[in-house]
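Please open the structure in your viewer and keep the selection tool at hand. This tour moves from one selection to the next and says what can be found at each stop.

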Amino acid sequence: MERFAYKGVASNLVTYLTDVVNMSNSSAAKTVNSWGGFTSMLPLLVAPFADSYLHRYTTILASSFLYVVGLVALTSSASVWAWSAANKTRSTTFLFWSLCLISLGQGGYNSSLQAFGADQLDEEDELPSSKDEQKSSNIKSLFFQWWYFGICTGSLLGVTVMSYIQDTFGWVLGFAIPAIAMVISIAFFSSGSRIYIYKQVENMGIKSVFNITQSIKATVSKLLSCKIALPNVDDIVELELQEKPLCHQNLGGMESLDKNPKSGTNYMIENTKVVLRLLPIWTLLLMFAVIFQLPATFFTKQGMTMKRNIGSNFQIPPATLQSAITLSIILLMPLYDRVLIPFTQLITRNKKGINVMQRMGAGMFLSIIAMIIAASVERERLKISRKAEILGSNSETVPLCIFWLLPQYILLGISDIFTVVGMQEFFYSEVPVRMRTMAFALYNSVFGVGSFLSALLITVVEDLTRTKGRNSWFSDDMSKARLDNYYWFLALASTVSLLLYVVLCRFYTSRKELDNE
C-alpha cells in the first residue's frame with residue numbers, strides 16, 4: 001500500500017510539474033531527482049536513532065503520521081492550483097513543503113519497516129551451526145526477493161492506476177487516493193501489534209555533541225594515519241561478542257565497553273568503521289542509481305511526444321510504461337529461483353548459484369544494455385521527427401509508437417531483480433545485528449545520492465551543451481533535444497563503474513569470510 005501511494009505520486013510528478021506548475025523539462029527533472037534524493041537520504045539520519053533509541057514499531061507509526069500529513073497537504077496544493085493559480089509563489093512553496101513532509105515520513109518508514117519485517121524471522125541470536133546458517137541465509141534471501149516482489153506489485157498498481165486517474169480525472173483525485181491508501185495501510189499494520197516479534201533496542205544513551213565530534217575526529221585521524229585501514233578480524237569478533245553473548249568466546253570486550261564511560265564514542269567509531277568498509281562498493285553502485293531515475297523523468301517526457309493512441313478515444317498515459325519495469329519483475333522473479341539459480345548452480349558448483357556480488361554486477365551490466373537501446377530508440381525518434389518537420393508537419397507527436405520504449409523499461413526491470421534485491425541482501429548481511437536499520441538506510445542512500453548526482457549531471461550537461469545560442473541536450477522542444485547523447489554518456493560512465501566494481505570484487509572480503517578466519 002505504501003508503494004502504491006508513493007509511486008502514485010512520484011511516477012507522474014514530472015508531468016504535473018511541467019503541465020501544471022509550468023516548469024521546463026530540465027527543471028522538472030532536477031526537481032524530481034532532488035526530491036527523490038532527499039527522500040532516499042533521510043533514512044541515514046533516522047536509522048541511527050531507530051537502531052539505538054527507538055523501537056522500530058514506534059518509528060514506523062510516527063513516520064506514517066508524517067507521511068499521511070504530507071499526502072494530504074499535497075492534495076490541498078493541487079486543489080489550489082486547480083481553482084486558482086494567482087499566487088504561484090505561495091502555491092509552489094506549499095507544494096515543496098508537502099513533498100518534504102512525504103520525504104520525512106518515508107525516511108523513517110521504509111528502512112524501519114523492512115528491518116522490522118526481517119526481525120520476524122531473524123535467527124541470529126541463536127548459537128550458529130553450519131546448517132542453521134545456510135538455512136537462515138536462504139530464508140533471508142527469499143525474504144528480500146519476495147519483499148521486493150511485494151514492493152513491485154504495489155508500484156505496478158500505483159503507476160498504472162494513478163497515472164490514468166491523474167491524466168483523465170485530474171490531480172486532486174490523483175493525489176487524494178494515495179493519501180487514503182496510506183491511511184488504510186497504517187490501520188492494517190497496527191492490527192497485527194499483538195503478534196509481532198519486538199527486538200530489544202540496545203540503548204547506548206544520549207551522546208553529547210562533544211563526544212560525537214571527538215569520535216569523528218578520532219576516526220578520521222586514525223584512518224589518515226593508517227592509510228584507511230579497514231576493520232580487522234579482532235574488531236569484528238568483538239562486535240559479534242556484543243551481539244551473541246552465549247558464544248564461548250572471551251566476553252571481556254563487551255564488559256569493557258559497558259564499563260567505559262565513553263562507550264558511546266566507541267560505538268560511533270565501530271559503526272563508522274563498518275560504513276567505511278562498505279563505502280567503495282556503495283560508491284560504484286551510484287551510476288546504476290542515476291540510470292534508475294530516468295523512467296520517471298526523461299523516459300516519460302519521450303513518451304509524451306510519441307504515438308500513444310489505442311483506438312480512437314483512449315491514449316496511453318506515458319507514465320504507465322513504468323509499469324513495464326514492475327511487471328517484468330513480478331513475472332520474472334519466480335523464474336530467477338526456479339530456472340536461473342539451478343542453471344548457475346550447475347556451472348558455479350555453488351549452492352546459491354551466484355553470490356550477491358555477482359548478482360549486483362549482472363544487474364549493472366543489464367542497465368548498460370538498457371541505456372544503449374534507449375539511445376538507439378531516441379535517435380530513431382529524432383530522425384522521424386526531423387523528416388516530419390521537412391514534410392511540413394507542425395505536430396509535436398512523432399509517428400512512432402510509444403511501445404518502442406518498452407525494451408529499455410523491461411531491461412531495467414530485469415536489472416532490478418539482480419541489483420536492487422542484491423543490494424538489500426548485501427548491506428543487510430555485511431553489518432552487525434545492531435545496525436540492521438542502518439543497512440537499509442545505506443541501501444536507500446545509494447538511490448538518494450544517485451538522485452542528487454543525476455540532478456547535478458543534468459545541470460552540468462545543460463550548461464556545457466547550451467553554448468553559442470544552441471539548444472541544450474534537454475531542450476523543452478523535444479525535436480531539438482539530444483537525449484540520445486545523454487544516454488550514450490550514461491552508458492559509458494556506467495561501463496567504467498562496472499569495470500572498477502569487478503576489480504574491487506576480486507579484493508573484497510565479506511563479513512562472513514572475516515568471521516571464519
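Begin on the surface of this predicted model by selecting Phe38, Phe65, Leu66, Val69, Leu104 and Phe452, which together make a nonpolar surface patch of about 500 Å². Which helix gives the largest share of the nonpolar patch? Helix α4, which covers residues 56–83, contributes that largest share with 3 residues. Stay on helix α4 and pick out Phe65, which is found there; this residue has a relative accessible area of 57%, and because exposed means over 50%, Phe65 counts as exposed.

For a surface patch of another kind, select Glu389, Glu396, Asp476 and Asp477, which gather on the surface in a patch of negative charge. Glu389 can be traced back to helix α15, which spans residues 356–390, and with a relative accessible area of 43% Glu389 is partly exposed.

While helix α15 is in view, select Lys387, which also lies in helix α15 and is exposed, with a relative accessible area of 58%. If you then add Val398 to the selection, you can compare two positions that are 11 residues apart along the chain, and whose C-alpha atoms are separated by 9.9 Å.

Next, look at a charged pair within helix α15 by selecting Glu378 and Arg381, which form a salt bridge whose closest N and O atoms are 2.8 Å apart. Why are these partners separated by about one helical turn? The reason is that Glu378 and Arg381 are 3 residues apart in helix α15. Are the two residues buried or exposed? Glu378 has a relative accessibility of 0% and counts as buried, and Arg381, at 1%, counts as buried as well.

A search of the whole structure finds 7 salt bridges, and the next stop brings together some of the residues that take part in them. Select Lys30, Glu462 and Arg466, which are linked in a network of salt bridges. Take the pair of Lys30 and Glu462 to begin with, where the closest N and O atoms are 3.7 Å apart. This pair links distant parts of the chain, with Lys30 in helix α3 and Glu462 in helix α17, 432 residues apart. Glu462 also forms a salt bridge with Arg466, and there the closest N and O atoms are 2.8 Å apart. The surroundings of these two residues can be described as well: Glu462 counts as buried at 7% relative accessibility, whereas Arg466, with a relative accessible area of 49%, is partly exposed.

Keep Glu462 selected and add Thr465, whose place is in helix α17, residues 436–465. Thr465 counts as buried, at 11% relative accessibility. Where does the side chain of Thr465 find polar atoms of the backbone? A polar atom of this side chain lies 3.5 Å from the backbone oxygen of Glu462, and the side chain of Thr465 also reaches the backbone nitrogen of Trp473 at 3.3 Å.

Now travel to the beginning of the chain and select Arg3, which lies in helix α1, residues 2–10. Although arginine is counted among the positively charged residues, Arg3 counts as buried here, at 15% relative accessibility. Show the side chain of Glu2 beside it, and you will find that a polar contact of 2.9 Å joins the side chains of Arg3 and Glu2.

From there, move on to Asn22, which lies in the loop between α2 (13–19) and α3 (25–52). What is notable about the backbone of Asn22 is its phi angle, which is positive, at about 65°, although Asn22 is not a glycine.

For the last stop, select Lys307, whose place is in strand β1, made of residues 306–307. Lys307 counts as partly exposed, at 48% relative accessibility. Add Phe403 to the selection and look at the C-alpha atoms of both residues: Lys307 and Phe403 are 96 residues apart along the chain, while their C-alpha atoms are separated by 8.8 Å.

Terms used:
Residues numbered from 1 in each chain as written. Predicted model: local features only at pLDDT ≥ 70, side-chain atom pairs only at ≥ 80, totals over all residues. Heavy atoms only, no water. Patch = residues over 30% accessible without salt bridge, like charges linked within 9 Å, V, L, I, M, F, W, Y side chains within 5 Å. Areas by Shrake-Rupley, 256 points an atom, 1.4 Å probe, with all protein chains shown as cover. Salt bridge = Lys/Arg side-chain N within 4 Å of Asp/Glu carboxyl O. Charge placed at Lys NZ, Arg CZ, Asp CG, Glu CD. Helix = DSSP H or I, 4+ residues; strand = E, 2+ residues; numbered from the N terminus. Buried < 20%, exposed > 50% of the residue type's maximum accessible area, 1.4 Å probe, protein only. Polar contact = N/O pair within 3.5 Å; in protein donor to acceptor, adjacent residues only side chain to side chain.
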